[in-house]
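The following exercises ask the reader to examine a protein model with care. Each task is followed by a solution that proceeds step by step.

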Amino acid sequence: MPLIPVPAHAHTWAALTRDTSYVFGVETVIGAESGEDTRIVQWYWGPRLPTGALGQVVEHAPGWIVTGFLDPDDATEMLPVDGGRRWGVPSLQAVYEGEVRSVELGFDDAVLGENEVEVVLRDHAYGLRVGLHVRVFDDCDVIERWVSVTNESAVPLRLRRLDSGSWVIPEQAGFRYTGAAGGWGRETRLQSGELPAGETTFGSRTGTTSHKANPWIMLGDATEDAGDVWTVALAWSGSWRLTTQRRPEGDVAVSAGFGHEGLTWPLGPGASLSTPSALGLRTSGGYGAASRAWHDYARKHVLPRPGEERPVLYNSWEATGFDVTEAGQLDLARRAADLGVELFVVDDGWFGARTDDTRGLGDWWPNPERFPYGLRPLFQGVRDLGLLAGLWVEPEMVNPDSDLYRKNPDWVLHYPERRRDTMRNQLVLNYARDDVREWALGWLDQLVREYGLDYLKWDMNRSFSQAGWAEGGDLLWIEHTRGVYAIMDELRGRHPGLRIESCSGGGGRADFGMLRRTDQVWTSDNTDARDRQVIQRGFSYLYPAGAMSCWVTDSPNPITHREVPLRYRFHVAMAGTLGVGGDLTSWSAAELDEARQLIADYKAVRPVIQHGALHRLAGRPGESASAVQYTLGDQVVVLAYNPFALDKQPPRRLRLAGLDPSAVYEGPGGSWYGATLMRHGLTLPTWFHSGADYRSEMVVLRRV
Ligand code: GLA
């Protein structure tokens, strides 16, 4: 879909997506008492307008009248600056020579391509060039925006905030927000509520996306199935901040960008800085439709290999911890292969002196005592079993007790005169540094090449602290993340068969920036099935099931000590990309048989789950009877759960969604019209009959 100039309005454009229009343009206000003030205004973001109507949403104010304490309309700006008569949330804050802090931009030019425009603005007195970029796609409703700045002057300046831009959600009867928040072991838990008047900020100061919040928000007055939703997401894996501003006028502005308050980015003469992309999406049809639109976008424009079926993996971490040996791993690999697992991942503990978490991190060669002949015999054994080979790495970290740190103590984030606080006994390597990047690419490339690795689990297990970088100061917070991106991109380029999982103490780094160069995310270290249902529900708001790593582990669960039957654990993990992480040496023959069958069941419907359209059908996952549905072509898969023997009021029938009402669907024990399945519903044994706690089932239907 194109990005076009709006007829009869100078410097005004419309981004036309499949179902929406986004109209914006330059407005120069002649102040009553002073000179010109230029702003880029978002005039409209809503259902698609006929071409002739595009200009009708442009309502030039008859002059910007600022009297007394009446606020001007700065919240409708796409890049409100800290400058002039503005008191809202600035997307751009600069400090010029002489501590001048008022940014005054004028419109200079617009570079229009078929699908994108760069609106060029300049603060001539101080030589700051600002590019405001808007891009649309042919096949979805996502609008991508980012900002680039260049210091064209001969003197340095500083940036205090540079968001990817501000989005305006038009006034609604009510404004609820939905987002994902949590902590370690409790990531992406949904939270929602009435958006308060004033400013509300979500974000991370950890240097990563973080467990605490995920960089997106949904706004509107919707339900799962109905209502308009506006949503903004940030494609960034470092610190970030998203601020909503609900105004008395009734609309809401959302400014999102990298970094957090207090950081200052130096911009020397001639230097440029570009923001990550912020993505805006407006949908009808409730939160369900908004999520499906995000998944569609992720598959078409984000994930590196969206069409691939993700293999069923086995990961040894929960089985062995740091107790990694060739014989032990091969034994597990044999048992995993026997179950139908396709990829074997060796986790932490295989390298350097790393026999616990106090030492060896950074020394990326096989532990000479554990693997005297290297990892080749282990991976040969894995391959002989018909399995793909994967390995855990944590490239951004170092234990002070390591050869790497002894040799390069200045490679970590640090200030010369400050403490170097460890977390999990480790420090953060500075990926903004060229020498660190070179080192990392060197050993990673060698490792992948030497063992022909199919898969890396790329972990990142602590937050930044004392984050000093003598050369670039706070640019570190940007350049570290970009360094990680660059190495992942280069590795993938050199090894097209390589797949990467993003892990950060579980789901601490899940976002569209990471998903551009990884295939799946380790959703949480918490593998308790009931907790996972809550975490997975929140994850599903933005990210598709194919990118969500889920393992079946042991019962009682090692973290929560909750006992959950194997079948329920499997059915929860089957809602995403299935893996097994339990200690298979302790599973009974009956459990192994059941697991083998469930893995076969999963493989039979895997494309539908990983690539299908998701409908969150009913209930509160983990807290009551609930179900999720996946539809791809003629195939429909439903996973239904009932964690409690006698749920307060379990619905008897499950109503499906998104089917063709007049088509007939064949399933277990009968066939039904789509209309019957959607309006009357299917009687579910799991819900209807009373029985033990934790009953679950998978229902497969096919359109005939
Ligand atoms: C992190 C990960 C785990 C495991 C350990 C290994 O906690 O989230 O899955 O890999 O590190 O140390």
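**Exercise 1. Determine which residues Trp439 touches, and whether Trp439 is buried or exposed**.

Solution. The model is a predicted one.
Step 1. Leaving aside residues up to four places away in sequence, Trp439 touches Gly362, Trp364, Pro395, Leu404, Trp411, Leu429 and Tyr431.
Step 2. Trp439 has a relative accessible area of 19%. Buried means under 20%, and Trp439 is therefore buried.
Step 3. Trp439 is found in helix α6.
Step 4. As for distance, the C-alpha atom of Trp439 is separated by 56 Å from that of Leu684, and these two residues are 245 residues apart along the chain.

**Exercise 2. Describe the largest nonpolar core and state which helix gives the most to it**.

Solution.
Step 1. The largest nonpolar core has 181 residues, and Trp350, Phe512 and Phe570 touch the most other members.
Step 2. Helix α6 (residues 434–451) gives the most to this core, namely nine residues.
Step 3. Another core, of 19 residues, lies apart from the largest one; Leu656, Leu659, Met678 and Leu701 are among its residues.
Step 4. Not counting residues up to four places away in sequence, Phe570 touches Val552, Leu578, Val580, Trp587, Ala595, Leu598 and Ile599.

**Exercise 3. Decide whether Ala8 and Asn425 are exposed or partly exposed, and give the phi of each**.

Solution.
Step 1. Most residues other than glycine have a negative phi, and most peptide bonds are trans.
Step 2. Ala8 is not a glycine, yet its phi is positive, about 70°. Ala8 lies in the loop between β1 (3–5) and β2 (12–16).
Step 3. The relative accessibility of Ala8 is 82%; exposed means over 50%, so Ala8 counts as exposed.
Step 4. Asn425, also not a glycine, has a positive phi of about 60° and lies in the loop between α5 (403–407) and β25 (427–428).
Step 5. At 31% relative accessibility, Asn425 counts as partly exposed.

**Exercise 4. State whether the peptide bond from Ser555 to Pro556 is cis or trans, and locate Pro556**.

Solution.
Step 1. The omega of this bond is near 0°, and the bond from Ser555 to Pro556 is cis.
Step 2. Pro556 has its place in the loop between β29 (548–552) and α10 (566–573).

**Exercise 5. Explain why the protein is as compact as a globular protein of its length**.

Solution.
Step 1. The protein has 13 helices and 38 strands.
Step 2. Its radius of gyration is 27 Å, and the globule rule gives 27 Å for 704 residues. The two values are close, so the protein is as compact as a globular protein of that length.
Step 3. Of the 704 residues, 61% count as buried.

Definitions and conventions:
Residues are numbered from 1 along each chain as its sequence is written. This is a predicted model: local features need pLDDT of at least 70, side-chain atom pairs count only at pLDDT 80 or more; totals for chains, interfaces and linings use all residues. Side-chain values use heavy atoms; hydrogens and water are left out. A nonpolar core is a set of buried Ala, Val, Leu, Ile, Met, Phe, Trp, Tyr and Cys residues joined through side-chain atoms within 4.5 Å. Buried means under 20% relative accessible area, exposed over 50%, partly exposed in between (1.4 Å probe, protein chains only). Helices (H or I, at least four residues) and strands (E, at least two) are DSSP runs, numbered from the N terminus. Contact means heavy atoms within 4.5 Å. The radius of gyration is taken over C-alpha atoms; the globule rule is 2.2 Å times the number of residues to the power 0.38.
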